[in-house]
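Trainee: Could you take a close look with me at one hairpin in this model, and then follow the chain to whatever else is worth a visit?

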Amino acid sequence: GLRVEVTELAVELVDGEGQDLGSAVLAVELDSEEVRLAARELTTASALRPAVRSGVVRVIVERPARRVREVVAEDSAITVHDGPSLEQALRRWRTTSPAQGSVEDDAEVEAPSWMRLAEGGSLRVVRGSVLDEQGTALGAVDADLTRGVGSMFHSRGRGQPRGSGELSWDVELDPGAGTLEGPIVLRDVPLSALVPFLPPLPLHEPSRTLISSELRVRTEEGESLAAEGRLSVTNLALDSPRLASVPIRNVSFEVEGAGRWRRAEHLVELERGTIRLGAAHATAAGRFLLYGDRFAVDLRAALPSTACSDAVQAIPADLLQELRQLRLDGRLSANVVAHIDSERLEDTVLNFSIDDRCRFVNVPVMADVVRFRTAFRHEVLAHDGTMIEMETGPGTDAWTPLLDISTFLLHA
């Protein structure tokens, strides 16, 4: 049979309109069964997303089916650009599956990208690196993607984000149906590496926050992402005037349970979860929305019998501020139901059921009631945000002892 071999061929890649797509040096072997390509010095144009620079790429194409059987990219650098969202990328891959007959049988319909890979074929990245648009390394990756029957694929791999940590995955995906399912494991991955995939959050210095997880994820209708397993967050920092006047730092917690993220609705749903902060833990279920100036919470939570000191120490120090010196003895339990929507504050519901058996052991000066036995300076925050100081307490003109105030006024 016919056999053609080209040992070195420099090529410039252009599209049908003459636009530059890149360049490479190729070696080609061709016979009646398949075409084998080996490209070195491959560089795609920056206009392509993602753009690629690769040391060596080997490609095997089946003839005459013109299906790709194997692609191996070694020492490749992939440049990530701002581009379509996850949902848009999935929709671009989705189309009527071959089993329905409209792709293979109708020449007028362009075959989806995943059909260019033969059944049993694979794509592999060996010693790959991911760069941002400025050429800064975001991390390293080794991965493979293998096509099964029809539109089913299996992908597994391991990556190391810049700075620290490791991530791995072993998932089944079906681009024809827009589904994905399988385990994803993170080990001390900087939160900054995940920010592009998260809903808007008031994060502060996310590169200092480390994420570890063992989650089984799955997409639902191509629009939401469900997860079940364990997630731990170390050294989280938040910066929002709604929470505190200063950034809230050194927040560490662990969540175990199941939930989903509806990205299009900017909504996080917690079906069931156990949240651990220090030595305290609580169970919770609910829905959380944060988008622009709007926030909404629909929450049911329970705190089992817990040492009062553990409950206080679970609160971030930047929220406690002067109350960090507070020391309690005894135990505490609680149930909370909260429904808050910033667009319908008149419908707010806050129900607390608390069994408080805490006893004060030590209190900071600002909370010590001894100071109320004589006149003292009192600060009040006015509606316009200004701070007003006044002198009040026993001996001042405006002070009335509690025992001298009518009980009818107190109940009113």
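Mentor: Gladly! Start at H266, which takes a positive phi near 55° in the hairpin of strand 13 and strand 14. Four residues sit between the two strands of that hairpin. Do keep in mind that this is a predicted model.

On either side of the turn, the pairing is easy to trace. Strand 13 (residues 248-262) and strand 14 (residues 267-277) run antiparallel to each other, joined by nine bridges. Look at R262: its bridge partner in strand 14 is L267. R262 also has a partner in strand 12, since S224 bridges to R262. Strand 12 (residues 224-238) pairs with strand 13 in the antiparallel sense too, here over twelve bridges. Strand 13 therefore has strand 12 as one partner and strand 14 as another. As you follow the side chains, remember that in a regular strand they alternate between the two faces of the sheet.

Now move along the chain to the cysteines. There is one disulfide by count, and it joins C308 to C358, with an S to S distance of 2.0 Å. This pair links distant parts of the chain, 50 residues apart: C308 belongs to helix 2 (residues 308-313) and C358 to strand 18 (residues 349-362). The torsion about the S-S bond is about -90°, so the disulfide is left-handed. The two ends are covered to differing degrees: C308 is buried, at 0% relative accessible area, while C358 is partly exposed, at 25%.

Next come the aromatic rings, where the count is one pair. The ring centres of F376 and W399 lie 6.4 Å apart with the planes at 80°, so the pair is edge-to-face. F376 is in strand 19 (residues 376-381), whereas W399 is in the loop between strand 20 (387-392) and helix 4 (407-411), so the contact ties together parts 23 residues apart in sequence. F376 counts as buried, because its relative accessibility is 12%. W399, at 34%, counts as partly exposed.

Finally, go back to the start of the chain for a surface feature. V4, V6 and L9 make a nonpolar surface patch of about 190 Å². V4 lies in strand 1 (residues 3-14), and its relative accessibility of 35% makes V4 partly exposed.

Methods: Residues numbered from 1 in each chain as written. Predicted model: local features only at pLDDT ≥ 70, side-chain atom pairs only at ≥ 80, totals over all residues. Heavy atoms only, no water. Patch = residues over 30% accessible without salt bridge, like charges linked within 9 Å, V, L, I, M, F, W, Y side chains within 5 Å. Areas by Shrake-Rupley, 256 points an atom, 1.4 Å probe, with all protein chains shown as cover. Salt bridge = Lys/Arg side-chain N within 4 Å of Asp/Glu carboxyl O. Buried < 20%, exposed > 50% of the residue type's maximum accessible area, 1.4 Å probe, protein only. Disulfide = S-S within 2.5 Å. Phe/Tyr/Trp six-rings, centres within 6.5 Å; stacked < 30°, edge-to-face > 60°. Pairing = 2+ DSSP bridges.
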